[in-house]
Amino acid sequence: MIELTYKKNVEKYVNNNLEVLEDLLDKAAQKYIKLKNKKNKLDFGQKLTPKNLESLAPVVIAKTMDYLEVKHATDCYMSMFYLPDQIKRSLKVAAGTFIVAGLACSLDKLTISNLIMSGMIAALFGAGSIVLAKESYANSSFDYKYNHLMIGAKNTVNAVGSVAHEYTHCLQHYFTDLNIKHNLNNPIIEGHARGLEGIISEKYAQDFNNEAYNYLHSERVARELKIAYLYTCNKKEITPKKSLKELPIPLDSIFFYIIDIDHYSLGVTAMTIASAKNGDDVYKKVMKNDFDFLKIIP
Ligand SMILES: [Zn+2]
């Protein structure tokens with residue numbers, strides 16, 4: 001029943017579980033605040049480079065597959081923004097642009113000033129291509145058309161959660177009925193991926209006795225649960241609890257939870273509630289297109 005994962009139903013599911021959400025928000029906030037207070041002392045590993053991403057990613061992918069009980073790997077491309085590589089690529093863009101711009105200018109008359117103009121345009125395009133490339137990697141993402149995982153993490157610790165999250169999208173695309181193309185209607189897509197991000201990060205935190213692995217995920221979940229809580233209270237026309245409303249979790253924009261809710265906050269909240277009620281097996285169930293745990297019991 002794929003309809004159970006649609007925004008309308010997921011919103012109802014969260015609505016029906018407001019008390020569970022209150023409890024989960026409080027716990028998530030306490031975990032985040034504790035980590036935040038010692039953030040400066042946490043070890044976030046090395047700066048992420050293509051080389052260490054190449055050795056880290058297969059292990060994270062294997063752990064993600066293992067957890068979700070997926071037997072067959074799906075091939076994917078993976079890349080990250082890396083300035084030295086990008087400069088090489090941008091030099092090619094700049095050279096290409098120089099020729100094109102040079103030709104366009106010289107159609108009229110080849111003069112020194114035209115050549116200078118071409119050089120300036122080329123430099124601008126080269127620099128622009130670096131900025132654009134950097135921006136496209138600001139957040140990690142999965143491009144289902146090219147099966148391409150783009151990793152935006154800056155260090156090896158945060159890369160673990162990013163790879164687990166994006167590879168989960170890749171598995172969703174191949175093995176489930178969740179529609180990556182229209183993911184606005186399927187908040188569970190993000191809820192499910194965020195869940196694996198947290199589960200694999202927690203495994204690393206335990207294996208390497210390093211709480212830094214939990215930091216980013218904990219910050220995101222605390223924020224997403226708070227947004228969903230305030231949004232749900234507003235929808236139900238009830239006053240949010242003062243203790244929860246005032247939790248020191250930074251929110252991006254007040255409009256998020258007054259007018260509409262983003263699919264990350266909604267999906268993450270629904271999956272967090274579902275796993276609190278039914279256990280972490282819900283993440284495996286998604287892989288089998290079993291969404292019954294989202295049924296609303298009156
Ligand atoms: Zn995602």
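This is a short talk on a predicted model of one protein, taking in its sheet, two of its helices and its confidence scores.

Hi everyone! Please keep in mind that we are looking at a predicted model. Let's begin with how confident the predictor was. The average pLDDT for the protein is 85, and 78% of the residues reach at least 70. One stretch to treat with care is residues 98-110, where pLDDT stays under 50. For that stretch, the model has 12 contacts beyond four places in sequence.

Now, the sheet. In what order do its three strands sit? Reading across, you meet β1, then β3, then β2, in an open sheet with mixed pairing. At the edges are β1, residues 77-80, and β2, residues 141-143, each of which pairs on one side only. From one strand to the next, the twist averages 20°.

Let's zoom in on one pair. Strand β3, residues 148-151, runs parallel to β1, and four bridges link the two. If you'd like one to find on screen, look for M80, whose bridge partner in β3 is I151. Then look for helix α6, residues 156-175, which lies across β2 and β3. Its direction makes an angle of about 160° with β3.

Finally, let's visit helix α1, residues 7-15. Which of its residues are buried? They are V10, Y13 and V14. Looking down the axis of α1, you'd see these buried residues fall within an arc of 95°, so they line one face of the helix. And what covers them? Among the elements doing so are α2 (18-37), α7 (187-207), α8 (212-236) and α11 (263-278).

Thanks for listening!

Conventions: Residues are numbered from 1 along each chain as its sequence is written. This is a predicted model: local features need pLDDT of at least 70, side-chain atom pairs count only at pLDDT 80 or more; totals for chains, interfaces and linings use all residues. Two strands pair if DSSP finds at least two bridges between them. Axes are lines fitted to C-alpha atoms, for helices over the stretch in contact, and angles run from 0 to 180 degrees between N-to-C directions. Two residues are in contact if their C-beta atoms, placed from the backbone, lie within 7 Å. A residue is buried if 20 or more other C-beta atoms lie within 10 Å of its own, exposed if 12 or fewer, and partly exposed in between; C-beta atoms are placed from the backbone. The arc is that of the directions from the helix axis to the C-beta atoms. pLDDT is the predictor's confidence in each residue, from 0 to 100.
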